[in-house]
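This briefing reviews a two-chain model for a reader who has the sequence and the coordinates at hand. Points are grouped by topic after a short lead.

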Amino acid sequence: MLTLIGQRESYGYELVERLAAIDIEAGTGLVYPVLTRFEREDLVASRTAASTNGPPRRYFRLTPAGERARDEAAERWRQITAAIDQVTDA
Amino acid sequence: MTPTKRPKLSTSDQTRLDMFILRLEWHLEGKLAGRDRKDAVRSLRDEVSTDLRGVKLALADLGAPSALATRYGDDAPPRPLWSIGIVTAASALAVWWALFLCFTGGMLAAVDNLAPAKANATFALVDVTAFSGPDGIGIGWTSGVAWLLVPTCLVLLAFILGSRSWRLITTRRTTSFTAGTTIN
């Protein structure tokens with residue numbers, strides 16, 4: 001989710017749709033609590049912006065701390081996949 | 001966090017959302033501290049009221065309030081449930097009073113049947129007197145420490161059990177342990 005938010009500012013339900021587009025089924029019941037936690041931990045910041053097709057929405061963007069957390073998570077993920085590849089290829 | 005100007009909802013949608021939030025807050029009390037809980041609820045209200053699918057569908061997608069509260073709590077240690085503690089204590093006091101009134105009412109009925117008569121008995125350390133005679137009927141009980149002792153103990157016990165007050169200690173221990181391990 002940090003990677004998706006880093007790619008472009010998104011509102012809550014938009015993230016659900018973006019996750020679904022990459023075949024990750026995560027409902028709002030999962031995404032909203034995560035966004036709240038990210039905001040509590042200053043990994044994301046939010047702003048309210050007008051929407052072309054509905055009421056104003058709260059858009060989330062990465063903070064510098066969020067960018068660091070995303071990079072660290074990506075690095076951990078690379079290490080894990082590399083380790084798994086090593087085992088499965090052996 | 002920038003507050004969102006929420007759109008005006010219909011009465012039924014507003015009621016539906018309020019009921020859901022009420023149930024969520026009930027469960028969240030044991031998961032998040034006051035300020036975090038308010039932030040989570042405000043954020044969720046913003047999301048649901050601006051959801052283009054409508055409140056009914058948006059709430060259905062969120063799932064049960066208890067499960068949602070667990071996700072909001074993440075891996076945080078459980079917190080005491082003060083509001084449930086107050087309700088439990090009040091209920092225990094109401095039950096105690098109901099039993100006490102049943103007991104004294106029963107005594108009064110018995111002495112009235114045998115009138116003229118007088119009876120003395122003890123209910124949970126309280127001396128109770130009931131009488132019935134040509135001059136009238138009545139009940140009375142002593143107003144010593146015993147009169148307060150049992151209900152006070154009962155209310156305290158119900159409050160501790162209902163609120164799961166021991167979580168206050170275990171939460172502090174867990175928090176200080178986590179802080180210690182983070183620093184180290």
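Which residue follows H6(B), and what is the sign of its phi? The residue is B:Arg164, and its phi is positive, near 55 degrees. The model is a predicted one. The notes below begin with the helix that B:Arg164 follows, and then turn to a hairpin, the interface, the nonpolar core and chain A.

**Helix H6 of chain B**

- The 19 residues of H6(B) should span 27 Å at 1.5 Å a residue, and the separation of 26 Å between its end C-alpha atoms agrees with this.
- The buried residues of H6(B) are B:Ala158, B:Phe159, B:Gly162 and B:Ser163.
- Viewed down the axis of H6(B), these buried residues fall within an arc of 105 degrees, so they line one face of the helix.
- The partner against which the buried residues of H6(B) pack is helix H5 (82-113) of chain B.
- On the face turned away from the buried side, H6(B) carries the exposed residues B:Val145 and B:Cys153.

**B:Ala146 and the hairpin of chain B**

- B:Ala146 belongs to helix H6 of chain B, which covers residues 145-163.
- Is B:Ala146 buried, exposed or partly exposed? B:Ala146 has 15 C-beta neighbours inside 10 Å and therefore counts as partly exposed.
- Apart from neighbours within four places in sequence, B:Ala146 is in contact with B:Leu125 and B:Val126.
- B:Ala146 and B:Ala124 are 22 residues apart along the chain, and their C-alpha atoms are separated by 8.1 Å.
- B:Ala124 takes a positive phi near 45 degrees in the hairpin of S1(B) and S2(B), which has 2 residues between the strands.
- The two strands of this hairpin, S1 (residues 117-123) and S2 (residues 126-133) of chain B, pair in the antiparallel sense over 7 bridges.
- Within this pairing, B:Thr122 stands opposite B:Asp127 of S2(B).

**Contact between the chains**

- Chain B gives 23 residues to the contact and chain A gives 20 residues.
- On the side of chain B that touches chain A, the elements giving two or more residues are helix H2 (34-49), helix H3 (55-62) and helix H4 (65-73) of chain B.
- H2(B) provides the largest share of that side, with 7 residues.
- By residue class, the side of chain B that touches chain A divides into 9 nonpolar, 5 polar and 9 charged residues.

**The largest nonpolar core**

- The largest nonpolar core has 30 residues, and those with the most contacts inside it are A:Ile5, A:Leu35, A:Val44, B:Leu28, B:Leu59 and B:Tyr72.
- From chain A, helix H1 (2-7), helix H2 (12-21), helix H3 (28-40) and strand S3 (54-62) each supply at least two residues of this core.
- From chain B, helix H1 (11-28), H2, H3 and H4 each supply at least two residues of this core.
- A:Val44 touches two other core residues named above, A:Ile5 and A:Leu35, and its further contacts include A:Phe38, A:Phe60 and A:Leu62.

**Helix H3 of chain B**

- B:Leu59 is one of the buried residues of H3(B), along with B:Ala58 and B:Leu62.
- These residues cover an arc of only 95 degrees around the axis, which puts them on the same side of H3(B).
- The buried residues of H3(B) pack against H3 of chain A together with H1, H2 and H4 of chain B.
- After H3(B) comes B:Gly63, with a positive phi near 85 degrees.

**Chain A**

- Chain A has 4 helices and 3 strands, and from the N terminus on its elements run α-β-α-α-β-β-α.
- Of its 90 residues, 29% count as buried.
- Among the contacts in chain A with a separation of 6 or more, 38% join residues 24 or more positions apart.
- The 3 strands of chain A form an open sheet in the order S1-S3-S2, with antiparallel pairing.
- Strand S1 (10-11) and strand S2 (44-51) of chain A are the edge strands, each pairing on one side only.
- S2(A) and S3(A) run antiparallel and are joined by 7 bridges.
- The bridge partner of A:Ala45 is A:Arg61 in S3(A), and A:Arg61 is also among the residues that A:Val44 touches.

Definitions and conventions. Residues numbered from 1 in each chain as written. Chains lettered and ligands numbered in written order. Predicted model: local features only at pLDDT ≥ 70, side-chain atom pairs only at ≥ 80, totals over all residues. Contact = placed C-beta atoms within 7 Å. Nonpolar A, V, L, I, M, F, W, Y, C, P; charged D, E, K, R; others polar. Buried ≥ 20, exposed ≤ 12 C-beta atoms within 10 Å, placed from the backbone. Expected span 1.5 Å × (residues − 1). Arc of directions from axis to C-beta. Pairing = 2+ DSSP bridges. Core = buried A, V, L, I, M, F, W, Y, C linked by C-beta atoms within 7 Å.
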